[in-house]
Amino acid sequence: MLRSIGFLGASASLLLAACSGDSGSGGKNSAITSAGGGTVFGGAAGTSTVTPGAGGAPTIGVPGGGGANTTPIAGNGGTSLGGAPPVGGTAGSTSDGGSPTGGGSTDLGGAAGTAGAAMTGDAPTMQSASSAGTYKVVTYTSGYKDGANFADATVHYPSDATPPFPIVAVVPGFVSPQSSIQAWGPFLASHGIVTMTIGTNSPADPPATRELALMDAIDSLIAENTRQDGPLMGKLDVTKKATMGWSMGGGGTLLAANDHPDLKASISMCGWNPGVTYPKDTVPTLMFAATADPLAGGQSQGFYASIPMTTPKELYEVNGGSHFIANDPANENKQIGLYGLSWLEVYLVGDTRYEQFLTVMPMNSSTFTNNLM
């Protein structure tokens with residue numbers, strides 16, 4: 001049942017102690033069975049193998065340019081979760097190797113609209129995807145284009161990684177400063193994603209104003225790619241951009257996804273925007289929520305239902321978690337970081353090796369639902 005909990009106001013939110021819910025460990029990794037046929041297993045070194053489904057034949061990973069291409073064979077097909085599309089694949093196409101004549105489904109790389117593979121470094125593990133990355137992080141708080149719709153900001157970037165880098169903007173919630181969500185900055189940057197964490201002009205800015213702040217921050221990051229003598233000049237892939245937000249900022253990032261289809265990914269953290277729906281959202285959207293959240297608890301279920309089934313989406317609600325559960329990627333034994341980073345790696349970066357983590361149900365979840373299989 002969808003719970004409807006009203007916003008309690010500034011005084012009540014200030015009384016909430018910053019805390020995370022009970023720690024939990026990740027569930028077992030498991031095979032994923034497609035609705036139409038075969039079971040899909042994560043292939044090694046960019047390959048995938050699908051066991052025969054009803055009336056179907058196996059799908060074998062065939063080498064592509066720098067990755068692996070899935071070549072569906074007649075039958076009921078299924079979703080490919082192993083190999084990545086070849087470099088330079090067609091953005092947003094159905095399975096980059098073709099479409100099974102028996103009616104298979106779009107693989108996750110194609111559905112996300114990523115053009116080819118973007119795999120670098122060692123294959124990820126649950127431990128590496130939930131911990132700080134290997135890159136050195138440098139920050140700066142001035143010199144960027146100072147947008148009118150946000151206040152203070154910090155740019156976090158990897159100083160020893162190979163560009164071009166994707167970009168993400170992160171905004172906090174009601175009466176909360178930039179510091180409340182700033183832990184995402186160094187975490188994402190250590191994995192090669194340039195991140196701008198921002199503060200709002202007014203602590204009471206509503207979700208619609210926070211949407212403007214997020215998009216203004218994205219514009220500021222894009223400008224960094226051409227700023228003379230800036231540390232990120234010529235180092236950004238300005239087509240790969242995403243937004244994140246907490247509480248009212250989560251409502252803002254959902255509005256941004258609904259209004260800006262050029263975004264590649266969206267993450268709402270205990271999003272607050274009661275009664276609002278997002279029927280035009282075509283941006284792959286991840287939502288974190290929590291059962292012990294007195295402010296936004298129960299809202300994400302309605303948000304999730306309103307987003308079209310054609311849009312990749314996932315809802316991860318932490319059992320016993322508070323309104324602050326997703327503010328730090330280290331929360332819940334690093335499970336928050338695992339799912340947040342994996343979502344961005346798949347849909348923003350284009351690294352399909354992280355798909356394997358997004359379909360494993362966390363043991364600490366009360367609700368875990370997606371349309372990725």
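A salt bridge here is a side-chain nitrogen of Lys or Arg within 4 Å of a carboxyl oxygen of Asp or Glu. By that criterion, Arg353 forms a salt bridge with Asp351, their closest N and O atoms being 2.8 Å apart. Please keep in mind that this is a predicted model. The structure holds three salt bridges, and the table sets them side by side.

| Basic residue | Acidic residue | Closest N and O atoms |
|---|---|---|
| Arg227 | Glu224 | 2.7 Å |
| Lys241 | Asp262 | 2.8 Å |
| Arg353 | Asp351 | 2.8 Å |

Let's take the pairs in turn, looking at how each residue is exposed to its surroundings.

In the pair of Arg353 and Asp351, both residues are buried.

The salt bridge between Arg227 and Glu224 brings together two kinds of environment. Glu224 counts as buried because its relative accessibility is 0%, while Arg227 has a relative accessible area of 24% and is therefore partly exposed.

Lys241 forms its salt bridge with Asp262. This pair links distant parts of the chain, with the two positions 21 residues apart in numbering. Lys241 belongs to strand E10 (residues 236-246), whereas Asp262 sits in the loop between helix H6 (248-259) and strand E11 (265-269).

Which of these two partners is buried, and which is partly exposed? Lys241 has a relative accessible area of 12%, so Lys241 is buried. Asp262 has a relative accessible area of 37%, so Asp262 is partly exposed.

Note on methods:
Residues are numbered from 1 along each chain as its sequence is written. This is a predicted model: local features need pLDDT of at least 70, side-chain atom pairs count only at pLDDT 80 or more; totals for chains, interfaces and linings use all residues. Side-chain values use heavy atoms; hydrogens and water are left out. Buried means under 20% relative accessible area, exposed over 50%, partly exposed in between (1.4 Å probe, protein chains only). Helices (H or I, at least four residues) and strands (E, at least two) are DSSP runs, numbered from the N terminus.
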